[in-house]
Amino acid sequence: GKYRVISTKPMPGNRWINLLIEQDCRLEICTEKKTILSVEDILYLIGNKCDGVIGQLTEDWGETLFSALSRAGGKAFSNMAVGYNNVDVNAATKYGVAVGNTPGVLTETTAELAASLSVAAARRIVEADEFMRAGLYDGWLPHLFVGNLLKGQTVGVIGAGRIGSAYARMMVEGFKMNLIYYDLYQATRLEKFVTAYGQFLKANGEKPVMWKRASTMDEVLREADVISLHPVLDKTTYHLVNKERLAMMKKDAILVNCSRGPVIDEAALVEHLKANPMFRVGLDVFENEPYMKPGLAQMKNAIVVPHIASASKWTREGMATLAALNVLGKIKGYPIWSDPNKVDPFLDENSPPPA
Ligand code: GLV
Ligand code: GLV
């Protein structure tokens with residue numbers, strides 16, 4: 001191969017590997033045992049000749065790595081993630097390295113996990129499972145693991161982009177929930193969907209679902225019974241859900257986060273969970289991964305899973321393929337396939353699988 005391409009981790013499937021090697025690339029996949037590579041580890045991998053890198057969200061892609069990649073002749077970097085808060089895009093641009101991410105292929109998979117956590121929290125599935133395995137079940141009781149009925153309640157979505165909209169559709173259609181959302185942009189397609197679904201229910205003699213676009217985030221927090229967070233993590237969304245905002249929520253609300261950990265002030269959340277036993281959370285992401293803030297692991301009203309929202313086989317293979325296409329395309333002189341700074345008209349909440 002003419003081009004040296006590095007993947008900092010082995011990734012699912014073979015398609016991404018074949019794509020690269022069939023197109024003149026010499027692919028090196030780092031098989032280092034430790035989970036999170038340091039900047040020094042990656043500098044060593046880049047060496048003095050490297051055309052492109054596929055990296056992971058656990059890595060700090062800033063000034064140091066992009067200047068090194070540029071010196072090694074590198075033209076492209078792709079994160080294997082839709083989120084790119086670990087990537088300093090300005091630094092990449094300064095050193096002439098194009099950046100790509102992997103949107104679209106993970107939309108439904110991620111929304112499905114947010115929906116799963118919502119239902120698991122509402123029906124206390126994890127607590128009940130622990131109870132059962134501990135041998136504590138000694139017969140049916142009227143009070144045993146009583147949770148919340150979702151039907152007719154209100155789902156709140158903060159950040160109604162691709163993933164937030166897909167989640168909203170699942171909750172509205174699957175559980176006949178009303179919707180309130182907050183986003184800087186109007187989620188036109190989502191609004192149309194909920195309107196049409198409401199009309200369908202009405203035509204069938206059922207109570208129609210309602211929707212509302214909130215003018216502030218606080219309105220969503222005050223009114224919704226289940227709230228799922230789907231913003232991009234940046235300076236404006238850091239600790240978006242803090243002590244004050246937790247206090248605005250209903251005492252028995254459910255909060256789900258499959259976006260990025262720092263969107264919630266996790267220490268404040270632990271205090272809130274302690275003070276409000278009826279309040280429940282489903283968390284896929286944490287403020288300081290892989291750690292949890294002290295006390296969180298002991299809370300019965302919290303469900304915690306290790307950043308697996310995009311972890312379906314189809315999606316992870318798709319993410320790997322997109323990441324490879326991003327790097328390969330740029331090396332071959334095309335614009336980056338999916339540039340996080342540009343809205344790609346072909347990637348929407350119903351985007352097709354990559355070919
Ligand atoms: C995963 O967290 C992603 O951003 O794709
Ligand atoms: C519960 O199992 C019921 O039959 O109501």
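Two strands are taken to pair if DSSP finds at least two bridges between them; helices (H or I, at least four residues) and strands (E, at least two) are DSSP runs, numbered from the N terminus. The model is predicted, so that local features need pLDDT of at least 70 and side-chain atom pairs count only at pLDDT 80 or more, while totals for chains, interfaces and linings use all residues. Residues are numbered from 1 along each chain as its sequence is written, chains are lettered from A and ligands numbered from 1 in the order in which they are written, and side-chain values use heavy atoms, with hydrogens and water left out.

**First selection: the domains.** Colour 3-105 + 312-331 as domain 1 and 107-304 as domain 2, bounds that come from an automatic or database domain assignment. Their centres, taken over C-alpha atoms, are separated by 33 Å. The contact (heavy atoms within 4.5 Å) takes 11 residues from domain 1 and seven residues from domain 2.

**Second selection: the five-stranded sheet.** Begin with R4, whose bridge partner in strand 2 is R26. Strand 1 (residues 3-7) and strand 2 run parallel and are joined by five bridges. The whole open sheet has the order 2-1-3-4-5, with parallel pairing. Strand 2 (25-29) and strand 5 (98-100) stand at the edges with a single partner strand each, so one side of each has no neighbour in the sheet. From one strand to the next the twist averages 15°. Axes here are lines fitted to C-alpha atoms, for helices over the stretch in contact, and angles run from 0 to 180 degrees between N-to-C directions. Now add helix 12 (residues 313-331), which lies across strands 1, 2, 3, 4 and 5 and runs at about 170° to strand 4 (76-79).

**Third selection: the seven-stranded sheet.** This open sheet is also paired in parallel, in the order 8-7-6-9-10-11-12. Which strands stand at its edges? They are strand 8 (211-213) and strand 12 (302-304); each has a single partner strand, so one side of each is left without a neighbour in the sheet. Strand 6 (residues 154-158) and strand 9 (residues 226-229) are joined by four bridges, and I158 has L229 as its bridge partner in strand 9. Helix 5 (residues 107-122) packs on the sheet, touching strands 9, 10, 11 and 12, and its direction makes about 150° with that of strand 10 (254-257).
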